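Subject: A structure for you to look through

Hi,

Here is the structure I promised you. Please open it next to this email and follow along.

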Amino acid sequence: MFSTEIIRSYRVSRSKISEHPFMTLWFLILLIAGIWMTLIVIVLIAEMDEPFINPTRRDILFSLFFILMAKASAETSEDSLRNHSLKYYFVTPIRTVKIALSRLLKVFWYNLALIAFVMSLVTLLIHVQGITLPADSMFFVKLYALIILAPCVGFNLAVFSHQASLKDKIILVSVYGQVLTFVWTILHPSLSPSTQLVLIAILLLYSVFITLITTPMFKNAWISGIKGKNHNVLRFHRRKDFLPSIIPPGIRKVAQGEILRRWRNRQIPATIGVNLILSIGLLFIYRQLGPDPDIGLDLGKYFYPALIGITIYTGIVVHSVIPSLTLFSRDGNRLWGFRTAPLDSRSLVWGKASSSLLFSPLNSLVLVLPITMVLEYPPIFILFALAASFCMYFLFTGIGVLMGVVFPNFDESNRGAPDVMTMYSSLMFCLITGTFFLGIPTAVFQMDRILGLLTCIFFADMAALVMVILFKMTGKRYSDMEVSM
Amino acid sequence: MIEVKELKKNYGNYQALKGVSLEVHPGSVFVLLGSNGAGKTTLIKILTGLLRSSGGVALIDGFSVWDNVEGRERFGYMPEHPHLYDRLTGREFLDVMGSLRGVEETKLSQRIQILSEQLELDRVIDSEISSYSKGMKQKVLFANSLINDPPNLILDEPTSGLDPRFTRYIKRRIRGEAAEGKAILMSTHITSITEDIADKVAIIEEGRIVAHGGVGELYNKYDCDTIEEVFVEVVNHVRSNN
């Protein structure tokens, strides 16, 4: 089973690289540039020697562990627990434990391959640029140990959170979730590195043991992940149109279908949840550091605006770019329905993209209002932040939709999720264009508030125009696309 | 009316269709019979605008569907595999598709209700499609092909996954729709269905139509008693000549 996955992944990657050689090259350039910039920032921060902006090694290790764990958990959900193809394994005499372990191994394989690739580039850049990182060898040993532990923890949490019964979900996730607390505790500097490594190894063994003894739950989680609901889920036939009739009928129907699907796949609640967490996180930082944090070099006044900008960027990426990338590839074999209907490509693109765009005002308010109001920023700043968020929404949705149709991933086994090249390149495009579109209004805002706001609104208009053009290009590309999956 | 003239489709160096021509007139049922990979589904996908042809013409009521969105109102399509939106209910799927095909809202509700009752979907129509059996999904696809009562029907293996009772119902329904004046093009592997409902049959092999005519004509021409015998005779003959 594991070999099959490796061969399949290899062939998918090979065909993608041969189909899009320039995209591959662009991805590599962006990746190397991204890693290089990260290394430079790390060195600069270390040289500044400001305790506040110098995160501890514990913070860094735990953050990396958490990100990898979350990534593995999401991959397990998408690639295993909601993957209909697993039925071909379940009907064979193979024991469930072997199926579960093969899926766990797959998560390991992908993550370790990615980390190995990134770390090779880091090593190369350190050597070529003569960079000295503020970390000793034990830091990297612990990092590797956590990299191995993270997929296992993520896998188990995904399995537990997909149990059919809410009671089982809560009990299992809250009991096993204590592993995260243990990791945080283990990384405390008062423990010696060797003790920390031994404890991480124990946690790894414990997690593998949990995987082994809970394999019946893997099958239950899979059944729960793929099955539908047998009850009247929304009584749609009694209140058909929940979007206003001002939206043209074709666009409205597509958008409604898309919103229903995303709502039932829990994408919309998850996105709003992530944005709420981001917002709460900002308020937490404010509570910890107060209104005027002392971070040296007279940077304190820029701290919260910068943090708000980063939060809005992250929130909009989660809400807009990632769903936009999958608008067509998630449909995969189902595209025949729209393609054989008398619906022009423009309406289809607008209808699908509307499922993200219609929620953007709500998301902007969730992201911008709480922190700006707590900080007692003037209304003009709040308006500027809202205009900036709309600018990013328009720009990023356009980029996401176009990249999604130019580099679609019609792979049913991972439900059309974008591959790492497309995802990374799109995020970098968004970052670069977002910096350009917001850089000028921000500079003007520094000099003159009113003029800055007006400039931001003008750039939001320009972003909307860019989005319209990108949607048009997407429609053209979609019209030329053959649907033969 | 469905017209195909000298239709070609290449995948790189491989020729999936090598100049296929056929006509399906209103009020008739035209059945495409062929081996696996013979080109039936490719032909249907070009007609329905899912694939672009490499040459020739594929028209539905005079429209080339690939570059004419208007032409898509002129046919109902039932694909071979039941790929549907799992998280929508059967009613929601039909509602979206019916609306996109321009069916007025009140009429659409009635149409969905009637079709779901006729196809015995009424008990599950408000459940998510992910909970349906393969046969139920086939019924949703069949209902979708009829949702706007189009003048042409293109059905790819319409009885796949259906029980004998519903296979019989679908056969009768197809004949009934033809009697009302629809032009119906369908592909199947099942020769007995062909005998039951076809006005005209074309056997497609290696991207070419190698035999065509009415059921009786084919019996006489190849001196056979069943379409199965005709099919085996024709396909064996083509393969022995290659």
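Two residues are in contact when they have heavy atoms within 4.5 Å. Keep that cut-off in mind for what follows. Also keep in mind that this is a predicted model.

**Where the chains meet**

How many residues does each chain bring to the contact? Chain A gives 43 residues, and chain B gives 39 residues.

The size of an interface is often given as the accessible area lost when the parts come together. Here, chain A and chain B bury about 3700 Å² between them. Of that area, 55% lies on carbon and sulfur atoms.

Charged and polar pairs also cross the interface. There are four salt bridges between chain A and chain B. One pairs B:K9 with A:E482. Their closest N and O atoms are 2.6 Å apart. The count of residue pairs in polar contact across this interface is 12.

Which helices of chain A supply at least two residues each to the side that touches chain B? They are α10 (215–226), α11 (249–264) and α14 (336–339). Of the elements on that side, α11(A) gives the most, with seven residues.

**Helix α3 of chain B**

Now go to residues 105–118 of chain B. This is helix α3, with 14 residues. At 1.5 Å a residue it should span 20 Å, and its end C-alpha atoms are 20 Å apart, so the two values agree.

Its buried residues are B:L108, B:I112, B:L115 and B:S116. Why do they sit on the same side of α3(B)? They cover an arc of only 95 degrees around the axis, which puts them there. Their cover includes α2 (90–100), α4 (134–146) and α5 (164–179) of chain B.

Look just past the helix too. α3(B) is followed by B:E120, which has a positive phi, near 55 degrees.

**Helix α8 of chain B**

Next, try residues 227–241 of chain B. Helix α8 has 15 residues there. From first C-alpha to last, α8(B) reaches 21 Å. That is close to the 21 Å expected at 1.5 Å a residue.

Which residues of α8(B) are buried? They are B:I227, B:V230, B:F231, B:V234, B:V235 and B:V238. Seen down the axis, these fall within an arc of 115 degrees, so they line one face of α8(B).

The buried residues of α8(B) pack against several elements of chain B. Three of these are strands: β3 (29–34), β8 (200–205) and β9 (208–213). The helices are α6 (191–197) and α7 (215–222).

Best wishes

Conventions. Residues are numbered from 1 along each chain as its sequence is written. Chains are lettered from A and ligands numbered from 1 in the order in which they are written. This is a predicted model: local features need pLDDT of at least 70, side-chain atom pairs count only at pLDDT 80 or more; totals for chains, interfaces and linings use all residues. Side-chain values use heavy atoms; hydrogens and water are left out. Helices (H or I, at least four residues) and strands (E, at least two) are DSSP runs, numbered from the N terminus. The expected span of a helix is 1.5 Å times one less than its number of residues. Buried means under 20% relative accessible area, exposed over 50%, partly exposed in between (1.4 Å probe, protein chains only). The arc is that of the directions from the helix axis to the C-beta atoms. Buried area is the accessible area (1.4 Å probe) that two parts lose on being put together, summed over both. A salt bridge is a side-chain nitrogen of Lys or Arg within 4 Å of a carboxyl oxygen of Asp or Glu. A polar contact is a pair of N or O atoms within 3.5 Å; within protein, one must be able to donate a hydrogen and the other to accept it, and residues adjacent in sequence count only if both atoms are side-chain atoms.
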